[in-house]
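The exercises below ask you to work through strand pairing, helix packing and ring contacts in one model. Please read each task, try it on the coordinates, and then compare your result with the solution.

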Amino acid sequence: MNNAFDCIVVGAGHAGAEAAYAAATIGVSTLLVTISKDTIAKMSCNPAIGGLAKGQIVREVDALGGLMGEAIDATGIQFRLLNRSKGPAVQSPRAQADKHKYKDYVRKRLEETENLTIIEAMVTEIIADDGVVRGVRCAGGSEYKAKTVIITAGTFLRGLMHIGDEQWAGGRLDEPASNELSDSLKGLGIKLGRLKTGTPARLDARTVDYERLECQPGDDEPKPFSFLNQTICCEQIPCWITYTNEAIHQLLRDNMDRAPMYTGQIKSSGPRYCPSIETKIVRFADKSRHQVFLEPEDGSQTTIYCNGISSSMPKDVQDEMFKLMAGTENAKIIHYAYAIEYDYSPAVQLKVNLETKAVSGLFLAGQVNGTSGYEEAAGQGIMAGINAVRKIRGAEAVVLGRDIAYIGVLIDDLLTKDIDEPYRMFTSRAEYRLSLRSDNADRRLTQIGRSVGLVSDNRWYCFENKVSAIAELCGYLKKTRVGGKTLWQRLKRPESRMAEELLDIAEVRQMDLPLDVLEAAAIDAKYEGYLAKQAKQIEGFRNLENIKLGEEIDYRRIGHLRNEAKEKLGFFRPFTLGQASRIGGITPADITVVQIYLKKCRDGN
């Protein structure tokens, strides 16, 4: 096999899959290196895609031309639109997946992708020369050359697993850790930290007593993730709800001296918004119960994922815990919950294109940057893949602003915040979430995906037809009057039923437009005033974003700049003045001082 490529992607999780697909689809020779092809896009934790804010990211990945949206549409077993009773800005799609079919689907798509080679190996070293990446070396000594390398190592970098006082090296259950790669990154001058995450037990679905559980069905009319699909045709398999109780809480309290999180065995920070059950009973001591979702992991309902009860407690404590919970008293544990500590690279060491500052051509994406979640990983992966190609071709990096995409919010947060726990996306993190809805991700991003060569002709054809249909419908609504008001104005009423109201109009029904077109027009009408107000805010935001800060600036030499600001700006090295303003500890006065300094530099003073 030819051992020279344009781009090498290390790791084939959700970040690696999107990165490799993007780079190869755009048109450069790409090598994807994975320990096992059987674990490509493996759902090592929750067998679900989407959720609050995460669903928006999936739709953005899809709008750019990525894989995740199509994969979940093809393999989902339950679809739900979260926050349906609230406004479109915070509504998010979520779907349970058949985790086996999901990874098989992604693997097949990757194997069919031109310009992409997949091999099974463990990368142990990044080869670099004079601060420029040259390729990778694998266990056994084989080497592969490349112009760019993307590391998407997930939890594998010096991974350490915990169940009670049991500890063993591993990147995931029954998979080895990658210690040498950590050493290689450190040798290149990249600083590493430690984080912790965990996963709950899986149960034999046949041993669960469903009569004692609350049923949670899927939506009657499932909404697709991919803009290429109008409908979802699959059997909707229910999830189930149960609760912990005081007896379980007392069991955990009685055994807290055996919990790695509290004995000092685990020293790293875990995700604040997805705590273990032992952390919940400490942090929320006043609560008498916590909700637990029992979610099928496949269409055959072979195993159950116990969402909301992750743990690193000893096995005997886990056994007793399930015996005390309604519906699982006689359930058989297929594999026990565990925690995992792993190395990550604080993302302040990255440029806005996800390239490391220390080594030219070396990119990092996914959990290695301190994030959690398949969706956050996929969003970084697709951007790393796009920008690796841009680097090769000498083109300007693609940077999604906070006003353009949740992916932009995610990356900007990573570059400007001290991450001391796994980062998770929420709608509240986005200042312009009214504009960053799940329904309009294609109108925000598909043109960008097309411009970089990732959006297919078929997707572009569908997009153009949709945009044209929305424009035609909006024009009709603005000129057609009923009772003195235009239909456009009527849709602004608080009691308006949005798309349903449009279907009550015979002329609109005769247009035979897809539901997503009707919804887009109705939302545009209802929120026109709010969106116009937000557009003015975005314009002000862009004024600061358009002021670039060169890497050569020595902040120590800027007079009247506070010492704390000098240290912060020198450490984070923000790309724009807007990014500088979002760094903790930087004040509006600091920004003004830097603006004055930049103006003097331009004027030659």
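Rings of Phe, Tyr and Trp (its six-membered ring) are taken to pair if their centres lie within 6.5 Å, with planes under 30 degrees apart counted as stacked, over 60 as edge-to-face and the rest as tilted. The model is predicted, with local features needing pLDDT of at least 70 and side-chain atom pairs counting only at pLDDT 80 or more, while totals for chains, interfaces and linings use all residues. Residues are numbered from 1 along each chain as its sequence is written, and side-chain values use heavy atoms, with hydrogens and water left out.

**Exercise 1. Count the aromatic pairs, and then find charges over rings.**

Solution. By the rule for rings, the count comes to five aromatic pairs. For the second step, a charge sits over a ring if NZ of Lys or CZ of Arg is within 6 Å of the ring centre and within 35 degrees of the ring normal. Arg 59 meets this over the face of Phe 227, lying 3.9 Å from the ring centre, and the charged end of Arg 429 is placed over the ring of Tyr 423, at 4.3 Å from its centre.

**Exercise 2. Establish the strand order of the sheet that contains β10, and explain which strands lie at its edges.**

Solution. Strands (E, at least two residues) and helices (H or I, at least four) are DSSP runs numbered from the N terminus, and two strands pair if DSSP finds at least two bridges between them. The order β11-β10-β19-β12 then describes an open sheet of four strands with antiparallel pairing. Because β11 (166-169) and β12 (193-199) each have a single partner strand, they stand at the edges and one side of each is left without a neighbour in the sheet. From one strand to the next the twist averages 25 degrees.

Now follow β10 to its partners. Strand β10 (residues 160-163) pairs with β19 (residues 338-344) over three antiparallel bridges; in β19, Glu 341 is the bridge partner of Leu 160, and Ala 339 stands opposite His 162. Towards β11 there are four bridges, also in the antiparallel sense, and here Leu 160 is opposite Ala 169. The hairpin of β10 and β11 has two residues between the strands, with Gly 164 in the turn at a positive phi of about 60 degrees.

**Exercise 3. Trace the run of strands from β7 to β9.**

Solution. Begin with β7 (residues 123-129) and β8 (residues 132-138), which are joined by six antiparallel bridges, Ile 126 standing opposite Val 136. Their hairpin has two residues between the strands, and Asp 130 in the turn has a positive phi of about 55 degrees. Next, three antiparallel bridges join β8 to β9 (residues 143-151), where Arg 137 is opposite Glu 143. This hairpin has four residues between its strands, and Gly 140 takes a positive phi near 100 degrees.

**Exercise 4. Describe how α12 and α13 pack.**

Solution. Axes are lines fitted to C-alpha atoms, for helices over the stretch in contact, and angles run from 0 to 180 degrees between N-to-C directions. The axes of α12 (residues 441-452) and α13 (residues 457-479) come within 11 Å and cross at roughly 145 degrees. For the contact (heavy atoms within 4.5 Å), the residues of α12 include Arg 443 and Gln 447, and those of α13 include Trp 460 and Phe 463.
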